[in-house]
Amino acid sequence: MSKKVLMRGSQAIGEAAVRAGCRFYAGYPITPQNELTEYMAEAMDGLNDGTFIQAESELAAINMVIGASMAGARAMTSSSSPGISLKQEGISFLAAQELPAVIVNTMRGGPGLGNIAPSQSDYFQATRGGGHGDYRTIVLAPASGQELADLTRTAFEYADKYRSPVLILGDGMMGQMMEPIVFPEPIDVRTFSPKSWILDGAKGRPSRIILSLLLNPPEQEDLNWRLARKYEIITREIPMSESYMTSDANMIVIAYGTAARIAKGAVKRVRELGLKVGLLRPITLWPFPNRPLKELSRHVREFLVFEMNMGQMIDDVKLALEGRGNVHFYGRPGGIISTPDEIAKTINSIYHRQHLEED
Amino acid sequence: MAKKIFQRPKYLKKAVFHYCPGCGHSILHRLVAEVLEELDIGERTIGIPPAGCAVLAYNYFDVDMGEAPHGRGAAVATGVKRTLPDRIVFSYQGDGDIAAIGTAETIHAANRGENITVIFVNNGCYGMTGGQMAPTTLIGQNSTTTPGGRDVKRDAAPIDLSEMLAIARGSVYIERTAISSPKNIRRTKRALTKAFKTQMAGLGFSLIEVLSPCPVNWKMSPVDAAKWIDDTMTQTFPLKVIKDEVGKLD
């Protein structure tokens, strides 16, 4: 049995990655996630089959990950918002070449260089592909230290299962906060079943090609269809969310990651005042957990989306609700962290303005 | 009984090259395949083709091939090689790929001393996109983006990437050769052999720059293009061993 350890969020991702069999990490320094890069440097140093490279650029880092993934390694890179922008070329190639990889984005305020404070500024970038071309990436949004560890394991599993890049979307607050964590047991990488598509030298088998150039339009269309079918399967199989006090609720707050923790505090406060408010916390941002929202919309009319940005996930909430219910928004961008009281006040005002106390 | 003295190398597929008449890629592909066969390393080799004319190299080499984004060959090769250190990894890159958009990746891979082999095909232009100025276009040379000839003040001088890479502490063997005559083709093959042997011996970063004809974009006949390499191109890019910390290899 693993025991509880107190650990910083960024380092928890690193430890969980190593335990998930990650044996290749390339990264470039950027705040607020350097602790993860530093953790991987030390961890890989302690393994006889691990590789850590401090790359000369974000571009080089993601392309090294492409190479490691082609060669069959469980590979990871990490960065923060501006650095993730630079990695988008490689993420598009990972998607096109159907290569597994895990990319951690510890989001900060933006656009541009922005700041280094916790933010959810990159929801659009993460959930809409981010790079060029017709593709999706799986996006996981942990909200606690324990979940950072658990979802890092999940990220590597999904990456291999679906041969797709998987993004873990956190923020500086989650990365810096120390919490007690129970790690899953390490996986012995020798127990992984061999991958049938990797490039390791064509000995005793036909040579393989991993490519993304498909000059012939029907061949490109075939790839796009294959990806689309894969995305349909992913959309069916992995949506994840947490419902908190939703069964009797007549108003639902929707928030993910750090924002969801703040929102949960707000929901607790307004419950004490007798308001029937619940929280839906998407854990997968893509695929978005449409079903629980759709089900809630049968008896809930008022929805409040809370994000640490100017309104990005709200688009997906509206798509999931398909016009059923009123969607309100409260957001603080730029690295400002709202308090539960602030959200509680917003909930309160919507609740009473919509006469929900009479329901 | 007739003795077979010339045949398709083992590691070239039975495919017809798409390259233009007189293009150097076909010859160079053949040389690389011959070297892989002679060193008996084809079954443990992974090749990284570039963006550019040679992107389709994966249709010709009968070894595992993984396409890199434009210019990132050395970074992708780094990822493969570090994951599988006992395999042979080469990247095959054009001048625009390696000396413009991928300069940083190349310099840093060389400086880290990555134990990979880079084949740098210098034809002085962007071939696949239709003959624009490359970082290696000669001063005064016409291209579709230097219609009056490359002007140093406006367009900069050609870049000496191989010489720059020789300064990098991790590079051990760098040579410039040409695909312009039987003699130079034989020298190119010798250099390629040494580069792969350098990697097999685990000595570090090796790179062979190959001056290669692009008759279509140069608007020359294949014969004139070969002659132009020898007479003109080699004045800017002299054929020589630029760095050799390897010495003799068995």
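Buried means a relative accessible area under 20%, exposed means over 50%, and partly exposed covers what lies in between (1.4 Å probe, protein chains only). The model is predicted: local features need pLDDT of at least 70, side-chain atom pairs count only at pLDDT 80 or more, and totals for chains, interfaces and linings use all residues. Residues are numbered from 1 along each chain as its sequence is written, chains are lettered from A and ligands numbered from 1 in the order in which they are written, and side-chain values use heavy atoms, leaving out hydrogens and water.

**F90(B) in strand β3 of chain B.** Let us start with a phenylalanine that counts as buried, at 0% relative accessibility. Its strand covers residues 88-94; here strands (E, at least two residues) and helices (H or I, at least four) are DSSP runs numbered from the N terminus. Contact means heavy atoms within 4.5 Å. Leaving aside neighbours within four places in sequence, the contacts of F90(B) include V32(B), L36(B), I46(B), I48(B), M65(B) and I119(B). Other partners, among them F61(B) and F196(B), are aromatic company as well: F61(B), F90(B), Y92(B) and F196(B) form one aromatic cluster. If you want a distance to check, the C-alpha atoms of F90(B) and I167(B) are separated by 21 Å, with their positions 77 residues apart along the chain.

**Tyrosine pairs in both chains.** Rings of Phe, Tyr and Trp (its six-membered ring) pair if their centres lie within 6.5 Å; planes under 30 degrees apart count as stacked, over 60 as edge-to-face and the rest as tilted. By this rule there are 12 aromatic pairs over all chains. In one of them, Y123(A) and Y256(A) have ring centres 5.6 Å apart and planes at 45°, so the pair is tilted. This pair links distant parts of the chain, 133 residues apart: Y123(A) is in helix α5 (residues 123-127) of chain A, and Y256(A) is in the loop between β11 (251-254) and α9 (257-272). Both Y123(A) and Y256(A) are buried. Turning to chain B, the rings of Y19(B) and Y60(B) have centres 5.6 Å apart and planes at 55°, so this pair is tilted. Because Y19(B) lies in the segment before α1 (24-38) of chain B and Y60(B) in the loop between β1 (45-48) and β2 (64-66), the pair ties together parts that are 41 residues apart in sequence. Y19(B) counts as buried at 10% relative accessibility, and Y60(B) is buried with a relative accessible area of 4%.

**Lysines over tyrosine rings.** A charge sits over a ring if NZ of Lys or CZ of Arg is within 6 Å of the ring centre and within 35 degrees of the ring normal. In chain A, the charged end of K264(A) is found over the ring of Y244(A), 4.9 Å from its centre. In chain B, look for K194(B) over the face of Y173(B), at 5.0 Å from the ring centre.

**C20(B) and C23(B), two cysteines without a disulfide bond between them.** A disulfide is a covalent bond between the sulfur atoms of two cysteines, and the cut-off used here is a pair of cysteine sulfur atoms within 2.5 Å. How many disulfides does the structure hold over all chains? The count is 0. For C20(B), the closest cysteine sulfur is in C23(B), 6.2 Å away, so it is too far for a bond. C20(B) counts as partly exposed at 41% relative accessibility, while C23(B), at 16%, counts as buried.

**S92(A) in helix α4 of chain A.** This helix covers residues 81-96. Is S92(A) buried or exposed? At 6% relative accessibility, S92(A) counts as buried. Beyond its neighbours within four places in sequence, S92(A) is in contact with G131(A), H132(A) and Y135(A).

**The setting of these views: chain A and chain B.** Chain A has 12 helices and 15 strands. Of its 359 residues, 58% count as buried, and 78% of the contacts in chain A with a separation of 6 or more involve residues 24 or more positions apart. Chain B has 9 helices and 9 strands, and 59% of its 250 residues count as buried. The C-alpha trace of chain B spans about 50 × 50 × 30 Å along its principal axes, while the C-alpha atoms of chain A fill a box of roughly 75 × 50 × 40 Å.
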